[in-house]
Amino acid sequence: GTANIAGSLTINNNATFATTNTATLIGAFTTFTDNALTSILRIGSIAATPVPAGKIYAFSVSYNAGGNQTVFPGTYSNLIIEGSGTKTHDASAGSSISGILTINDNCTFSLPTGANLTGSFTNVNSNTANSTLFITNTSPTPVPAGLIYNSIVEYNGSSLQTMIPGTFNQTLRLSGSRGANNVNCVPLGIYNITMVNPSNPGPFNNASSWGTGSIITNTSTFNYSGAGAQFIQVNNIVYNNLTFSNSGNKTGATFPVRGVLSVEGAAITDTPASYQTTGSLQYKNAGTRNRMDTPWPRESQAPLTNPINIIIDNTTINITDLKTAPVAFPGTRLLTTNLEIKNNGLLDVNTNCRLDLFRNFLVNSGGQLTGQLGSLIHISGGDPQSIGAITTLGELNYDKTIGTATITGNQNAGIMRMWDPSGSGTGGTYNYTGTSVATVTGSTSLEKGTLCLNSANLTPVKTHNFG
């Protein structure tokens with residue numbers, strides 16, 4: 001039947017008002033009220049318009065028919081999708097939610113173009129792992145940014161869509177026959193993928209019918225933050241910033257990264273990254289690690305797959321490979337990238353291990369590069385370099401063939417050697433700036449190159465030029 005309400009409908013004292021079958025509420029009323037905000041309106045009716053559009057609901061509203069239903073635009077406190085089937089939001093206007101959106105009972109809540117969700121709600125809850133928020137909406141803002149999703153989220157379409165950032169505790173899926181159309185990520189958005197799933201296709205994936213379009217990551221960050229193993233999406237995507245955090249092995253095919261790959265917490269990966277020409281590798285807030293537990297650059301990778309920078313931030317990394325010739329990988333860490341150690345980070349070269357620095361090395365905010373007795377640290381390569389503070393009980397070698405290394409921090413070594421291992425060059429120039437100090441507790445061998453101390457002190461040697 002039909003109920004015509006001219007004033008307001010009030011449901012108090014935790015009561016429930018239900019409509020079933022084809023029941024319809026009509027009238028000029030604007031507000032459903034509830035003095036305690038604890039009552040519920042259950043809309044079980046499958047009528048074409050079970051309630052008027054645009055009403056204000058000061059209590060929970062449940063669309064709970066045993067089948068498909070239309071969800072009408074309104075201002076909702078809590079909106080509940082349950083029962084069974086697909087509940088499709090009317091496309092004539094969107095809805096505002098101030099409390100919680102809940103999708104229960106393996107239902108699907110579908111948002112077509114025109115049906116944007118707004119409001120101050122922060123969570124999409126679910127009582128099962130298979131309920132789905134199904135977004136076919138092509139608006140740039142179909143839902144608010146930063147929502148916490150405890151349901152599956154699926155963006156489906158055949159044209160351009162915008163994927164909104166949030167925390168995804170269940171699967172984030174892209175589907176539809178998109179052809180050459182793309183999915184855009186929100187600039188500076190953070191996509192937090194928490195679902196633990198080590199198997200392909202993983203917690204964030206796209207369907208096989210995708211086509212040739214790309215996931216355009218812009219300046220976004222994807223954070224795989226599950227407390228366990230996660231399979232990483234690599235199809236149709238080049239990540240801007242990619243973070244592995246919390247714990248577990250983050251695995252899959254080679255990860256394409258053009259920004260920063262940040263390895264944090266107790267997370268590890270056994271898969272190398274494919275860095276674009278601007279890509280960097282960062283270890284942050286990651287405790288203590290041995291080199292072999294990390295996605296350190298591999299000499300077998302092509303040059304453009306190595307990061308342009310390595311950043312050690314508030315983390316200790318121990319180089320534990322045995323010392324051999326540089327070409328005998330993995331006997332040495334040959335860094336053909338810039339290295340920065342900051343925020344009390346530490347890179348320590350263990351006994352009988354070796355580190356070669358071919359590019360700039362920076363120390364900031366308490367960072368340290370150290371070496372144990374019997375270790376070997378090389379300042380190598382022909383390009384100009386900037387070298388920060390080094391403290392090693394082992395040997396420090398200045399063995400550039402040509403070019404200048406500008407020494408910006410104190411150099412403390414058990415043994416220091418300046419030479420040209422090629423035997424055919426003039427040796428490098430090592431220019432100490434400011435008050436940088438070189439202190440050698442053992443022997444010093446200056447064989448080839450130029451050492452410029454400026455105002456610095458060298459103990460026990462003095463300034464020499466060798467050619």
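Start by selecting glutamate 154 and arginine 173: the two form a salt bridge, with their closest N and O atoms 3.1 Å apart. (A salt bridge here is a side-chain nitrogen of Lys or Arg within 4 Å of a carboxyl oxygen of Asp or Glu.) The pair links distant parts of the chain, with glutamate 154 in strand β20 (residues 152-156) and arginine 173 in strand β23 (residues 172-175), 19 residues apart. Strands (E, at least two residues) are DSSP runs, numbered from the N terminus. Glutamate 154 counts as buried because its relative accessibility is 11%, while arginine 173 is partly exposed at 26%. Buried means under 20% relative accessible area, exposed over 50%, and partly exposed in between (1.4 Å probe, protein chains only).

Before you click on, a word on the model. It is predicted, so local features need pLDDT of at least 70 and side-chain atom pairs count only at pLDDT 80 or more, while totals for chains, interfaces and linings use all residues. Residues are numbered from 1 along each chain as its sequence is written, and side-chain values use heavy atoms, leaving out hydrogens and water.

The structure holds five salt bridges, so pick another: arginine 42 with glutamate 82, at 2.8 Å from N to O. Arginine 42 sits in strand β6 (residues 40-43) and glutamate 82 in the loop between β11 (79-81) and β12 (86-89), so this pair ties together parts that are 40 residues apart in sequence. Arginine 42 is partly exposed at 29% relative accessibility; glutamate 82 is buried at 13%.

Next, select aspartate 356 and arginine 354, whose side chains meet in a salt bridge at 2.7 Å, N to O. Aspartate 356 is buried at 2% relative accessibility, and arginine 354 is buried at 9%.

Now for a sheet. Show β21, β24 and β27: these three strands form an open sheet in the order β21-β24-β27, with parallel pairing. β21 (161-163) and β27 (215-216) are at the edges with a single partner strand each, so one side of each has no neighbour in the sheet. Two strands pair if DSSP finds at least two bridges between them; β21 and β24 (residues 183-185) are joined by three. To see one bridge, select methionine 163 and its partner in β24, cysteine 185.

Last stop: isoleucine 97, in strand β13 (residues 95-97). Its relative accessibility is 0%, so it counts as buried. Beyond four places in sequence, isoleucine 97 has contacts (heavy atoms within 4.5 Å) including Tyr76, Leu79, Leu117 and Phe121. Add serine 77 as well: it is 20 residues from isoleucine 97 in sequence and 5.6 Å away in space, C-alpha to C-alpha.

Definitions and conventions
Helices (H or I, at least four residues) and strands (E, at least two) are DSSP runs, numbered from the N terminus.
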